[in-house]
Amino acid sequence: MSFQPIIPISGIGGWNFLQSTYDKQLDSFSKSPVLQRDTEYFEENIGNVKTVDDLVNDRRLLSVALGAFGLEDQLDFKGLVKKVLQEGSTADDALAGKLGDDRWVSFTETFGFGPGETVKTGDAAAMKNLSETYKVQSFETAVGEQDNSMRVAMYSQREIQVLAEDGTSTDTKWFNVMGQPAIREMFEIALGLPTSMGQADLDTQLVNFKDRAKAMFGTDDISVFAEPENMERLVNVYLARSEIAEFNASNSAGATALMLLQS
């Protein structure tokens, strides 16, 4: 039986436990026979990939490639994946840039199939790093099967820090937040924004995110989350509010059931 992540309690307490045991748990999880077979296959065969079709038509390779970027749910959308890889990221009208999610840009840049780019599948060290990232993402997915808020926190903690340090404008950073479901969830819940806000136009959403961030952190500049104390506060507020929302939903469901039984 493969190792499954251990999360004894929910909320901030569970998060602190997960953080303190992270290295040991990830190491045990990475020794899963299935995960080892998948990453070994990837490392042994990715160097033979010379074209976009070589990658897209090998489901095992593509599964690891997409999974390393948290895009595993796109595995069956081969047309989209192929177009992203073929167009690369350098052109202003490249699909990867239009999707509003930096993961696609990173994905296509990692392999270098775009116009004028150099194919990187032969870079053994880079591909080895990618398979290690896949293990991390797979661990986070397993964590999410037990407690999705923990997965959101783990993923967002890592990716928000990358976003905070990427040198783009404040507005561009927020648009990337809006385009990545997990990070968006983190900020929406932590900042007390309703999910229905997603129905508003992007400019209105941008203003709301920035206003709430400024009210809570004193600034709307996402670069402040490069500071550990700000990131810790964001994660803790998110987890606390998520737990409260789950508790309220559970009580509401219980009250409804009781009413039905009494009627």
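Here is a short walk through the structure, from the whole fold down to one helix.

What you have in front of you is a predicted model. Start with the secondary structure: the protein has 14 helices and zero strands. Follow the chain from one end to the other and you simply meet α after α, in the pattern α-α-α-α-α-α-α-α-α-α-α-α-α-α. The radius of gyration comes out at 20 Å, close to the 18 Å that the globule rule gives for 263 residues, so the protein is as compact as a globular protein of that length. If you put a box around the C-alpha atoms along the principal axes, it would be roughly 65 × 50 × 40 Å.

Now for the inside. Of the 263 residues, 41% are buried. Take the contacts with a separation of 6 or more: 61% of them join residues 24 or more positions apart.

And the outside? The protein exposes about 13500 Å², with carbon and sulfur atoms supplying 52% of that area. There are 23 positive and 40 negative charges, and their mean positions lie 2 Å apart.

Finally, let's zoom in on helix α11, which covers residues 170-179. Its buried residues are Lys 173, Trp 174, Asn 176, Val 177 and Met 178. An α-helix has 3.6 residues a turn, so residues three or four places apart point the same way. What do the buried residues of α11 pack against? Their partners are α8 (102-111), α10 (148-164), α12 (181-190) and α13 (202-217).

Conventions. Residues numbered from 1 in each chain as written. Predicted model: local features only at pLDDT ≥ 70, side-chain atom pairs only at ≥ 80, totals over all residues. Heavy atoms only, no water. Helix = DSSP H or I, 4+ residues; strand = E, 2+ residues; numbered from the N terminus. Rg over C-alpha atoms; globule rule 2.2 N^0.38 Å. Buried < 20%, exposed > 50% of the residue type's maximum accessible area, 1.4 Å probe, protein only. Contact = heavy atoms within 4.5 Å. Areas by Shrake-Rupley, 256 points an atom, 1.4 Å probe, with all protein chains shown as cover. Lys, Arg positive; Asp, Glu negative; His and termini not counted. Charge placed at Lys NZ, Arg CZ, Asp CG, Glu CD.
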